[in-house]
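Here are some worked exercises to try with the model open beside you. Have a go at each task before reading its solution.

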Amino acid sequence: MNPTPAGTAPAAGAGAPARQQPAPLLRRILLQGKYEALAMLRNGEQLILAVVLPLLALVGLTVTPFLDGLGPSRIDVAVPGILALCAMSTAFTGQGIATGFDRRYGVLRFLSTTPLGRGGLIAGKVLSVLVVLCLQIAVVAAVGFGLGWQPTAAGWVPGLLLLALGAAAFTALGLLVAGTVRPEATLAITNLLWILLGALGGIVIPAERLPAAAQQIVGLLPSGALGEALRDAFLHGALNGAASLILVLWTVTAGAAAIRWFKWN
Amino acid sequence: MLRVVSGVSLSAERGQVTALLGANGAGKTTTLECAQGLQKRSGGSISLLGQDPATAGAELRSRVGVMLQDGGLPPSARPVPLLRHIAGLYAHPWPVDNLIQRLGIDTFSRTTVRRLSGGQKQRLALAAALVGRPEVLFLDEPSAGLDPQSRQLVFELIGELRDSGMGIILTTHLMDDAQRLADYVYIIDGGRNVAEGTVQELLQRGPAVDAGADHVRTLTFDAKPGLDLSGVLPDDVLVLEERAGSYTATGALTPRHLATLAEWWAAHDVMPAAMTLQARSLEDVFLDISGKDIR
């Protein structure tokens, strides 16, 4: 950094670096990811959505009989679903709402004129989702262990990969909504879907506990696929290929739609 | 396809302030956004520091600063962390502490963007555009919402930046600002540029000047409506009753003209209620060119 005397304009000529350069790409993305993650963690409403409500749901599922008979204990069945709910909270609802309002206030347009650019902005958002998701996993796992959660050791690798895949699918869906409708509508749509998919989308309550007519549909939803795949991973140490494929399809389709229809202003 | 801008051709030099003037909806912001790479154009060509902004990458963006009309700042952000974040995107940013001091941001550094006044937001948006020490600076309505002190500060800074060799392109619909700041002016109307030149060159335009006058002034006076002033002053002075009882005489006004008019008032028992003599302004030129209809 070249210090400039106080009270003077930056010289574009003598004494200044010959030509401005962008900071390295990785640094730009890391900076944006950190900035967005801190903004998310400082937002009270986002924290409620990302941590408080999932923890309340976790405790609720351990004191009610909804999950009885689906695994060794209620907590073993509940934690994978809550982790999936965390991914949806942060990547879809939280990120969607934040992006929608950033779009409203011209933040996306301004940042896309800086060296960050549109690609760096999206990469920063994805990174911030992953950072917040890691914190959520740590908190939920800690509370889960405290409540007696005993995951299969072999389930951690596929479980974490599936969470990353689920976060990608939900981020793409969140950006699609945020980039195509007004922010107020994004707020309504993402919150409503969080409630509907959280309660009836197969994410915390497995499909077999839902009405028969809904079971087939739920399995095709990103919420149902992620919930099912995570339960298979942490209960049985297995990678659910069909559910993983469904998540990949959602990611690719929503990502392509977001690229095609996302409006920056 | 909606054509918002068609027929705009302009260039801007380093070390100059180039102003785009136009009424609301004239196409100023669209022109600027195409130049910044924010909007795709369907035709024509744009070269910014030798590159096409629509396809250029981070290297070009690092050399260009943009202050958007709506600021583009996150409402929940505080000024200093925001500026430090943006500075981190550049290899050689303007020292943030210096910029904060220069633009008086230290007086509201702990306030979130959503709670800032319009002028404070403008100063912060200007700082965000400058923190990358750009070679080219785009300013969309930079003085909107500024109080007189802030306006003075921003204008001084723009002058210094120009003198340091920065190329500055600004849009405004405030003619006083353009007259004070701009080295070269483009007037845009209906999505095309209809006039261009230095401020002095544009001030020389108009019906009276076309008749060969060098020093165009406007005399405005209020008197009883319906006075027949035809033939009182020579033909190279344009006399109009702009609205009932409000008259203007525009042209190369001399003391002789003023005396002639005063003699006519005396002869017809007319006592003006108010009277001002002004040099022709950029606003007069603008209204001559783009008309007086509300857009």
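**Exercise 1. Work out the strand order of the four-stranded sheet in chain B, and find its edges.**

Solution. Step one: the strands follow the order β8-β9-β7-β10 (chain B), forming an open sheet with antiparallel pairing. Here helices (H or I, at least four residues) and strands (E, at least two) are DSSP runs numbered from the N terminus, and two strands pair if DSSP finds at least two bridges between them.
Step two: β8 (238-243) and β10 (274-279) of chain B each have a single partner strand, so they stand at the edges with one side left without a neighbour in the sheet.
Step three: from one strand to the next, the twist averages 20 degrees; axes are lines fitted to C-alpha atoms, for helices over the stretch in contact, and angles run from 0 to 180 degrees between N-to-C directions.
Step four: β7 (residues 217-222) of chain B runs antiparallel to β10(B), and six bridges join them. Thr220(B) has Thr276(B) as its bridge partner in β10(B).

A note before going on: this is a predicted model, in which local features need pLDDT of at least 70 and side-chain atom pairs count only at pLDDT 80 or more, while totals for chains, interfaces and linings use all residues. Residues are numbered from 1 along each chain as its sequence is written, and chains are lettered from A and ligands numbered from 1 in the order in which they are written.

**Exercise 2. Do the same for the sheet of six strands in chain B, then place the helices that lie across β1, β3 and β4.**

Solution. Step one: this open sheet has mixed pairing and the order β2-β3-β4-β1-β5-β6 (chain B).
Step two: the edges are β2 (64-67) and β6 (192-197) of chain B, each with a single partner strand. The twist averages 15 degrees from one strand to the next.
Step three: β1 (residues 17-21) and β5 (residues 184-189) of chain B pair in the parallel sense over four bridges, and Leu20(B) stands opposite Tyr186(B) in β5(B).
Step four: α1(B) lies across β1, β2, β3, β4 (167-172) and β5 of chain B, at about 150 degrees to β3(B). α6(B) lies across β1, β3 and β4 of chain B, at about 145 degrees to β4(B). Contact here requires C-beta atoms, placed from the backbone, within 7 Å.

**Exercise 3. Locate Leu49(B) and Arg133(B): is each buried or partly exposed?**

Solution. Step one: Leu49(B) has a positive phi of about 50 degrees although it is not a glycine, and Arg133(B) likewise has a positive phi of about 50 degrees without being a glycine.
Step two: Leu49(B) is in the loop between α1 (28-36) and α2 of chain B, whereas Arg133(B) lies in the loop between α5 (118-130) and β3 (136-140) of chain B.
Step three: count other C-beta atoms, placed from the backbone, within 10 Å (20 or more is buried, 12 or fewer exposed, in between partly exposed). Leu49(B) has 16, so it is partly exposed; Arg133(B) has 29, so it counts as buried.

**Exercise 4. Describe the contact between chains A and B.**

Solution. Step one: chain B gives 39 residues and chain A gives 35 residues.
Step two: on the side of chain B that touches chain A, the elements giving two or more residues are α2 (58-61), α3, α4 (96-102) and α6 (148-163) of chain B.

Notes: Contact = placed C-beta atoms within 7 Å.
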